[in-house]
Amino acid sequence: IGSRCCLKPELLSCLSMVLTRVLPVLLLASTCAASLHQASGMPMSVAQAPLRLKGGFLGGSKESKFDPTVAQERIDQLWKLDCDFGREAEPKYVYFEEIIPDRFSLTKGIQLIRDELCMSFNKPKHKNFNMDSARIAAKNVQACAADLSLPSVLSTCAYTVCGDRICQSGAVRDYTRSVAGRFGSLTEFGDPKPELFFATGGGTDSGPTLAHVTVAHAWDPQLKKQLYEGNAKSYVLANIDISTHCGHLDIGKGNAGKLAGKEHKDVAVIYGMAQESIFRDPRAACGAIVGMLAAFNLANGVHVRLRNDLGEKNYQFLTNNEVKADDGSPINFLVAACIISVQGMMNTLEALGSGGELDERGVGHTTAQVQINNGDNNECILYCARGTVFNGEMRVQGLGVDASRYSAKMVTMKDGKKRVKVLYDGTDQHPILARSYSVQANAQVTNPAKDDEPEPARTNSPVPTISMSASSSPARQNPRGRVTELESQVTELRQEVREGWTEFRQSIKELMSAVAPLAQGDEAAGDQEEGQA
């Protein structure tokens, strides 16, 4: 038609409308209908299946079906490792004996991708690259690119800790070098760049937001697509460590200490107070947790958030009862710090798994811990809990979230210092608890993360804590909300399809009307040529 009509504008307009408006609407309507059938649980026949273009959905990908065996084997190996929860220990012990072995179990024998240079199979996108830099990146640096045809794991790491300056020394430094330096992202210059979140009081400002940001920053849609197309056994690993903190003040027998208006006599240690320097007086640590329990202020957003994570039942118990170690040392604020950390871990696990931040190829590993501020460079960590999500199963192990079930005993170290051993239900044996969840199916077309979207408004009413038990049944999500939303979209699309179909028929008529005279002219010319012959 273009050669016969010399690309007349009216014909190009008709063709353009057909290709750019009608066809995409039909494809979108078909895909939306398929989503509706999937959400409602109804079987879909071949005739109802979404339209396919060559290669996949809407020009899709060559992604191979995921093989979960490699990731599942490593998850199972992790849960065979023993853990020592509740013991106040040096950071290097917790990192090298607990967290790091778990994560090496998840990545052993697989190509670990976390260095930005390993992702140099894509062309530089920085607008400030000059020609020389771009030429080098296009030739030499791309030799550093990972071979995605091998089974690979793309790893990222996130860490939360209170912004209190007393927390910003030994434990955070050791974490960055020991844990984040092995499993977090690396810059082009080899520097660790973990996600660091400084929530006041520690824990999480929002578990779902923390999970979303950590996962969204780890890869962009193109990188994710390339990883998934490379090898059927490749997966992604999101490591998130939740931390609160609590002061540790050695006062010695016969001395007295005062905390939150209460005077403590003849105890070895007060948890909730710390001496930041030998030249300073002791103070509350964490001040936010101590303030929340000692003088709750409804107008203080931090108090409200911490009380929500602690749970109303635990708040009432800790404000009306004194929890003590076997030597009489008060541990109310330590118990609160443990529960807030564990609850933050649970909220984050929920978001990674049933919240859909990780799809079928996503592995999540989270931990909960409490920094113990003891006033010197040898800060300690109390390891509270660990958890994983993968392949529709969530597993957790460690201290729980019921304050009435906490107790503790004090242990004297070789240097004469006292350290605590926190118990739950009177024992340091912690069973592995599991439950199932619905796996988020991998989306062929993903949108960039909307990190700048505002977080939903927080209510002031305390929310119940999440508890997990071995007998807990999988929580089946009611799909009616999603079905209603899809039905309204289908209704709108039907109307749009009707309008598009009307325009399409009219355009075809105009197209045929424009072509008919040309066809008749061609017949007359052919008859004339035949007569001359």
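So, confidence: this is a predicted model, and the mean pLDDT of the protein is 78, with 69% of its residues reaching 70 or more. Two stretches deserve a word of caution. Over residues 42–61, pLDDT stays under 50, and the model has 29 contacts beyond four places in sequence for that stretch. Residues 468–479 also stay under 50, and there the model has 16 such contacts. If you plan to use any of those contacts, please keep the pLDDT values in mind.

Now the overall picture. The protein has 533 residues, and buried ones make up 45% of them. Its secondary structure comes to 13 helices and 18 strands. Take the contacts between residues at least 6 apart in sequence: 74% of them join residues at least 24 apart. As for the surface, about 27200 Å² is accessible, and carbon and sulfur atoms account for 53% of that.

Let's go inside. The largest nonpolar core has 94 residues, and the ones with the most contacts inside it are Tyr95, Tyr271, Leu310, Leu334, Val370 and Leu382. Helix α12 gives the most to this core, with 14 residues. There is also a second, separate core of 13 residues, and among its members are Ala71, Ile75, Leu78 and Leu106.

Let me pick out Leu334 from the largest core. Which residues does Leu334 touch, leaving aside those up to four places away in sequence? They are Cys246, Tyr271, Val370, Ile372, Leu382, Val420 and Val422. Tyr271, Val370 and Leu382 were also on that list of residues with the most contacts inside the core.

Next, my favourite helix, α10, which covers residues 301–310. Eight of its 10 residues are buried, so the helix is largely enclosed by the rest of the structure. The buried ones are His303, Val304, Arg305, Leu306, Arg307, Asn308, Asp309 and Leu310. And what covers them? The cover includes α9 (287–294), α11 (312–320) and α12 (332–352).

The two ends of α10 are worth a look too. At the N-terminal end, Asn300 acts as a cap, with a side-chain oxygen 2.9 Å from the backbone nitrogen of Val302. After the helix comes Gly311, and its phi is positive, near 95 degrees.

On to α11, where Asn314, Tyr315 and Leu318 are buried. Why do we say these residues line one face of the helix? Looking down the axis of α11, the buried residues fall within an arc of 105 degrees, so they line one face. Those residues pack against α9, α10 and α12. Turn the helix around, and the face away from the buried side carries the exposed residues Lys313 and Asn320.

One last stop, for those of you who like side-chain polar contacts. Gln72 is found in helix α3, which spans residues 69–78. Is Gln72 buried or exposed? Gln72 is buried, with a relative accessible area of 19%; the cut-off for buried is under 20%, so please read that label with the number beside it. The side chains of Gln72 and Asn391 are joined by a polar contact of 3.4 Å. Leaving out residues up to four places away in sequence, Gln72 touches Phe390, Asn391 and Arg395.

That's my tour, everyone. Thanks for listening, and I'm happy to go back to any part of it.

Definitions and conventions. Residues numbered from 1 in each chain as written. Predicted model: local features only at pLDDT ≥ 70, side-chain atom pairs only at ≥ 80, totals over all residues. Heavy atoms only, no water. Buried < 20%, exposed > 50% of the residue type's maximum accessible area, 1.4 Å probe, protein only. Helix = DSSP H or I, 4+ residues; strand = E, 2+ residues; numbered from the N terminus. Contact = heavy atoms within 4.5 Å. Polar contact = N/O pair within 3.5 Å; in protein donor to acceptor, adjacent residues only side chain to side chain. Core = buried A, V, L, I, M, F, W, Y, C linked by side-chain atoms within 4.5 Å. pLDDT = per-residue confidence, 0-100. Arc of directions from axis to C-beta. Areas by Shrake-Rupley, 256 points an atom, 1.4 Å probe, with all protein chains shown as cover.
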